[in-house]
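Here is a short tour for anyone who likes to look at packing and ring geometry. Keep the viewer open while you read.

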Amino acid sequence: MYRKFIFLMRRVFIFTLCTNFCSAYSADVYQYGWNDIFVNTAREVSYLTEAEKQVIIVLNKARTNPPLFAEKYLAEWADKSHVAKDCYDRLKGMRPIKPLYPSKALSMAARDYVNKTYKNTESALLWTRRLESYGKWNGDIAESIFYGRRDPLEIVVQLMIRREESAMKHQENILNPLHHFVGVAMGPHNIYRYVCVAEFASDIKESGRSDRNHRGESFSASETSEILKTSEVRSDPKRD
């Protein structure tokens, strides 16, 4: 009887602790902005660049406090297009959703696209094939690609509001509560100067290939410098 009582009290304690934690998180987010613990989920990851980590931070800002994200980053665009206004209104009415956590397998798949489309050694594989090269995914998966800019905030905002035909898709990718993991890769592009790829998944388990050094596949400083000297800044007219 005593053991059952102790077991029951432990369950009550854990439930109370979790409830209080969630309440504190919600209050902290809504009253004070963003909680760094929840938005900076890639802070200890070694295979992402600082810019790639910043992209994840911005994605998580949109997810963990949509109304504040709308007010702080979308308000200036809301009167410029109906796409931006619809996105603004959508986020203003949203409740928080869980942040995205970094996945090395997803980041490797994204890096493959960045490298292959620049070097033109081969056409980039279908994105599901790239994902399968580095891990086994379950549930929902999605991909967003942005060309022409390298500022993390601008990349995420423009994905969400830029074009009517693609903005809703990117909003769904970023704000889908079924997405729990994200991989990001950024790099130079031989036509549009920069490219950023984000891969999303509900669940993914890494394979042996993803144990390779992710950052080791990035471009060197000299390669990047040379590309920026010879490339023209423009955005992809067909795909974003």
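## Aromatic rings and their surroundings

W34 has a relative accessible area of 18%, so this residue counts as buried. Please bear in mind that the model is predicted. The partner to look at next is Y73, which is buried as well, at 14% relative accessibility.

How many aromatic pairs does the structure hold? The count comes to 3 aromatic pairs. In one of them, W34 and Y73 are stacked, with 6.0 Å from centre to centre and 15° between the planes. W34 sits in the loop between α1 (2-32) and α2 (36-39), while Y73 belongs to helix α4 (residues 66-74), so this pair ties together parts that are 39 residues apart in sequence. There is also a cluster to pick out here: W34 and Y73 join F69 in one aromatic cluster.

Now turn to Y147 and Y192. Y147 is buried, with a relative accessible area of 5%, and Y192 is buried with 14%. Their ring centres are 5.4 Å apart and the planes stand at 65°; because planes over 60 degrees apart count as edge-to-face, the pair is edge-to-face. Y147 lies in strand β2 and Y192 in the loop between β3 (181-189) and β4 (193-206), so the pair ties together parts that are 45 residues apart in sequence.

The table puts the four ring residues of these two pairs side by side.

| Residue | Location | Relative accessible area |
|---|---|---|
| W34 | loop between α1 and α2 | 18% |
| Y73 | helix α4 | 14% |
| Y147 | strand β2 | 5% |
| Y192 | loop between β3 and β4 | 14% |

## Around the strands

Strand β2 covers residues 135-147, and E143 is found in this strand. Is E143 buried or exposed? With a relative accessibility of 9%, E143 counts as buried. If you would like a distance to check, the C-alpha atoms of E143 and V184 are separated by 10.0 Å, and these two residues are 41 residues apart along the chain.

Over in strand β4 you will find R193. The backbone of R193 deserves a glance: its phi is positive, at about 75°, although R193 is not a glycine.

## A helix crossing

Helix α3 (residues 50-64) and helix α8 (residues 152-161) have axes that come within 8 Å and cross at roughly 45°. At that angle α3 and α8 are therefore oblique to each other, and their crossing is right-handed. On the α3 side, the contact is made by A51, Q54, V55, V58 and L59, and on the α8 side by P152, L153 and V156. What is the character of the residues in this contact of α3 with α8? They divide into 7 nonpolar and 1 polar, with no charged residue.

## The chain as a whole

Stepping back, the secondary structure of the chain comes to 10 helices and 4 strands. Following the sequence, these elements are arranged in the pattern α-α-α-α-α-β-α-α-β-α-α-β-β-α. The chain has 240 residues, and 49% of them are buried. Finally, consider the contacts between residues at least 6 apart in sequence: 75% of these join residues at least 24 apart.

Definitions and conventions
Residues are numbered from 1 along each chain as its sequence is written. This is a predicted model: local features need pLDDT of at least 70, side-chain atom pairs count only at pLDDT 80 or more; totals for chains, interfaces and linings use all residues. Side-chain values use heavy atoms; hydrogens and water are left out. Helices (H or I, at least four residues) and strands (E, at least two) are DSSP runs, numbered from the N terminus. Buried means under 20% relative accessible area, exposed over 50%, partly exposed in between (1.4 Å probe, protein chains only). Axes are lines fitted to C-alpha atoms, for helices over the stretch in contact, and angles run from 0 to 180 degrees between N-to-C directions. Angles under 35 degrees count as roughly parallel, over 145 as roughly antiparallel, 65 to 115 as roughly perpendicular and the rest as oblique. A crossing is left-handed if the near helix is turned anticlockwise from the far one by less than a right angle, and right-handed if clockwise. Contact means heavy atoms within 4.5 Å. Ala, Val, Leu, Ile, Met, Phe, Trp, Tyr, Cys and Pro count as nonpolar, Asp, Glu, Lys and Arg as charged, and the others, Gly among them, as polar. Rings of Phe, Tyr and Trp (its six-membered ring) pair if their centres lie within 6.5 Å; planes under 30 degrees apart count as stacked, over 60 as edge-to-face and the rest as tilted.
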